[in-house]
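Welcome, and please open your viewer. We will go from stop to stop, selecting a few residues each time and looking at what is there.

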Amino acid sequence: MTKLTHLDDKGEARMVDVTDKSVTEREARAEACVRMAPETLRMILEGEHPKGDVLATARIAGIMAAKRTHDLIPLCHALNLTSVKVELRAGDDGASVAIETRCKLAGQTGVEMEALTAASVAALTIYDMCKAVDKGMVIDNLRLLEKKGGRSGHWQAKGQ
């Protein structure tokens, strides 16, 4: 196992110095799922939700969150993202919203945290907008799907 990069030789937290790293194209994809009552999903898809367009709001929230990841996660670098995509679709089960995010840049450090933050905040936004009609929603399956670029190269989750 490699050592934890956010700890120095004394075991104290530190921001990783990326000064000497090469600028490369980097990309990460993440996912999350919001499980809900079928009636809640129907309201979302048919535009009948009392708070408005849930999916459009969640998409914007995810994009905004990716851009502010460094404000939310200690020791994250502020990144100049060149692309953030948040895709939301009804789950095949008829009772969920599947979220997939993709973040890209040309830089010295990866964008995994930005993709994960986008997915989680999009999911939280769906929950927030729908909690008045469905308090039993569950957010799950938040995970990194893929990362490309940098010294560690290409990584993909099993089953991708």
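**Stop 1: Thr 69**

Select Thr 69, which is buried, with a relative accessible area of 0%. Buried means under 20% relative accessible area, exposed means over 50%, and partly exposed lies in between (1.4 Å probe, protein chains only). Before going further, please note that this is a predicted model, in which local features need pLDDT of at least 70 and side-chain atom pairs count only at pLDDT 80 or more, while totals for chains, interfaces and linings use all residues. Residues are numbered from 1 along each chain as its sequence is written, and side-chain values use heavy atoms, with hydrogens and water left out.

Thr 69 is found in helix α3 (residues 69-72). Helices (H or I, at least four residues) and strands (E, at least two) are DSSP runs, numbered from the N terminus. Now show the side chain of Thr 69: one of its polar atoms lies 3.0 Å from the backbone oxygen of Ala 66. Which residues is Thr 69 in contact with, leaving aside neighbours within four places in sequence? They are Cys 76, Met 113, Glu 114 and Thr 117. Contact here means heavy atoms within 4.5 Å.

**Stop 2: Glu 114**

From that list, pick Glu 114, which lies in helix α4 (residues 112-130). Glu 114 is buried yet has no salt bridge. A salt bridge is a side-chain nitrogen of Lys or Arg within 4 Å of a carboxyl oxygen of Asp or Glu. How far away is the nearest side chain of opposite charge? That side chain belongs to Arg 26, 10 Å away; for this purpose Lys and Arg count as positive and Asp and Glu as negative, while His and the chain ends are not counted. Leaving aside neighbours within four places in sequence, Glu 114 is in contact with Ala 66, Thr 69, His 77, Leu 79, Leu 81 and Cys 103.

**Stop 3: the whole chain and its sheet**

Zoom out and switch to a cartoon view. The chain has four helices and five strands, and along the sequence they follow the pattern β-α-α-α-β-β-α-β-β. The C-alpha atoms fill a box of roughly 55 × 30 × 30 Å, taken along the principal axes. Of the 160 residues in the chain, 40% are buried.

Next, colour the strands. They make an open sheet of five strands in the order β2-β3-β1-β4-β5, with antiparallel pairing. The edge strands, each pairing on one side only, are β2 (83-90) and β5 (155-156). Two strands pair if DSSP finds at least two bridges between them. Strand β4 (residues 138-148) and β5 run antiparallel and are joined by two bridges. To find one of these places, select Lys 147, whose bridge partner in β5 is Trp 155. Then bring up helix α2 (residues 54-67), which packs on the sheet and touches β2 and β3.

**Stop 4: Glu 100 and Arg 29**

Stay with the sheet and select Glu 100 in strand β3 (residues 96-107). Glu 100 forms a salt bridge with Arg 29, the closest N and O atoms being 2.7 Å apart. Why does this pair tie together parts that are 71 residues apart in sequence? Because Glu 100 lies in strand β3 and Arg 29 in strand β1 (residues 24-35). Is each partner buried or exposed? Glu 100 is partly exposed, with a relative accessible area of 27%, whereas Arg 29 is buried at 9%. Not counting residues up to four places away in sequence, Glu 100 touches Arg 29, Ala 30, Glu 31, Lys 85, Val 86, Glu 87 and Leu 145.

**Stop 5: further salt bridges**

The count of salt bridges comes to eleven. For another one, select Asp 140 and Arg 35, whose side chains meet at 2.9 Å, N to O. This pair links distant parts of the chain, with Asp 140 in strand β4 and Arg 35 in strand β1, 105 residues apart. Asp 140 is partly exposed, with a relative accessible area of 25%, and Arg 35 is also partly exposed, at 35%.

For the last selection, choose Glu 48 and Arg 42, which meet in a salt bridge of 2.8 Å, N to O. Add Glu 39 and Glu 46 to see one network, in which salt bridges that share partners join Glu 39, Arg 42, Glu 46 and Glu 48.

How values were computed
Axes fitted to C-alpha atoms, helices over the stretch in contact; angles between N-to-C directions. Polar contact = N/O pair within 3.5 Å; in protein donor to acceptor, adjacent residues only side chain to side chain.
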